[in-house]
Amino acid sequence: MSVTTNSPFARDAAFHLHPQTNLRLHEQIGPTVIRGGEGVHVVDVDGNRFIEGMSGLWCAALGFSNRRLADAAHRQLLALPYQQAFAHRVAEPVIDLTEALVERAPAGLTKVMLQSSGSEAVDTAIKLVWYYHEAIGKPEKRKIIGRARAYHGTTVASASLTGLPNMHRGFGIPLPGFLHVSCPHHYRQAQAGESEDAFAVRLARELEETILREGPDTVGAFFAEPVMGTGGVIVPPAGYFEKVQAVLRRHDVLMVADEVICGFGRTGHYWGCDAFGIRPDMLTCAKGLSSAYFPISALMVSEPIYQAIADQTDRLGGFGQGFTYGGHPVGAAVALETLRIYDEIDIVGRARRMGALLQEGLRRYADHPLVGEVRGIGMMAALEMVADKRTRAPYPAEMKVAARVSDALRARGVLLRALGDSLLCAPPLIIEEAELATVVDAVGEALDQVQRDLAGLQ
Ligand code: PMP
């Protein structure tokens, strides 16, 4: 890469403190600067086109050039670019959006609070777990249970709930009161010969033992992504959520579904909750809510929770929760248009059809020498690389095998994300069959190339 002082590469390294980036490495290799987007493609400053096989960060469900979403934002910017939702004020699109979300929500969720990011929605959910329990006279019920490998965000509380050590290291978190139970990944976590059902029973038992050990009177909520996304597209074993929810009901622990990735069709169901029979007390969503055309997230709560919270705000003379941009009219207008488009193009049916092709296509590589497991549901999938298919021993981390595969894919015009030993794939839901075939074929070619490269190293 040629670096001149004026180049965006040099200026980015000079001025921009990148999130989720090794900053010293960034100083050496500089950024990939993306200038444009068209359909499922993004285009860099040199004119190279890539299929964005991760929809950015699982979010650009409608791709990168949806005119209607741009127009919706433009219209709202001209009509009213800002209005807060504090203290009884509101802009019209916010009312429309909250109604549209409740119409589409899993049964029992009746009120919506808006924020700008998934982390804020999760953070708010955590605070409402505490606020709710205070309100109903159980202020000790504060502990929050998450799971190893879960991702729930990057604020202090949502990162504490996250079960990925790299989100804790260097920050002195998780905060006390955040607990993690096992990740429901059968391939990695099940004991030899343990069936999916027996595995699910064991995990539910572990959850119950954790609640009993801590004291049910001190445990407020269990948070779960229906399918773990950033943790590596972990689809839970059959019956898992049914068993987990029975435990939660027994001990009066709230179920919070984090649908920031799964919501709006990603799993081939409108909600991940629909796919797994989850009946949440609260639900967080973001990403697909606006197809990433505006930063917006939502927290939905059940009627009993709303009623208890409402009483408490009355007792306390106010509600000490809310963000400047929670209920932003432009975000609401864009999200509303997004939901309309989803209905019109039957986003769920589409995700299910294309998802079947994606899952089937990638499963072709289950026997590839580099691949230990191919997993996924709907339009989210992962391939896990292993050094030994029989023992499932991983490659040494420094070999960065998944990253090599993603580099080989990038050279073929396809952007997927390597995370640890896994290669993640979650294309825009509007992807066409031929484009999907390009992605799937490129994965095969990249796997073959890396296998040859590794053989050359030995
Ligand atoms: N929850 C889940 C399940 C997520 O995947 C993410 C983001 N990847 C978040 C919460 C946090 O969202 P944000 O990055 O918008 O704060």
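**Exercise 1. The ligand shell.** Which of the 16 residues around the ligand come nearest? Describe also the make-up of this shell.

*Solution.* In this predicted model, the residues that come nearest to the ligand are Ser 117, Gly 118, Ser 119, Gly 153 and Val 260. Turning to secondary structure, helix H6, which spans residues 118-135, gives the most to the shell, with 3 residues. Sorted by class, the shell holds 8 polar, 6 nonpolar and 2 charged residues.

**Exercise 2. The two sides of helix H5.** Determine which residues of H5 are buried, and where they lie around the axis.

*Solution.* Begin with the geometry: H5 (residues 92-104) has 13 residues and reaches 19 Å from its first C-alpha to its last, close to the 18 Å expected at 1.5 Å a residue. Next, list the buried residues of H5, which are Pro 93, Val 94, Leu 97, Thr 98 and Leu 101. Because these cover an arc of only 135° around the axis, they are on the same side of H5. On the other side of H5, by contrast, Glu 99 and Glu 103 are exposed. Finally, the partners against which the buried residues of H5 pack are helix H4 (67-79), strand E4 (109-115), strand E10 (297-302) and helix H13 (329-344).

**Exercise 3. The setting of Gly 372.** Is Gly 372 buried or exposed?

*Solution.* First locate Gly 372, which lies in strand E11 (residues 371-377). A residue is buried if 20 or more other C-beta atoms lie within 10 Å of its own; Gly 372 has 23 C-beta neighbours inside 10 Å and therefore counts as buried. Not counting residues up to four places away in sequence, Gly 372 touches Glu 384, Met 385, Val 386, Lys 389 and Arg 392.

Methods. Residues numbered from 1 in each chain as written. Predicted model: local features only at pLDDT ≥ 70, side-chain atom pairs only at ≥ 80, totals over all residues. Near = placed C-beta within 6 Å. Helix = DSSP H or I, 4+ residues; strand = E, 2+ residues; numbered from the N terminus. Nonpolar A, V, L, I, M, F, W, Y, C, P; charged D, E, K, R; others polar. Buried ≥ 20, exposed ≤ 12 C-beta atoms within 10 Å, placed from the backbone. Contact = placed C-beta atoms within 7 Å. Expected span 1.5 Å × (residues − 1). Arc of directions from axis to C-beta.
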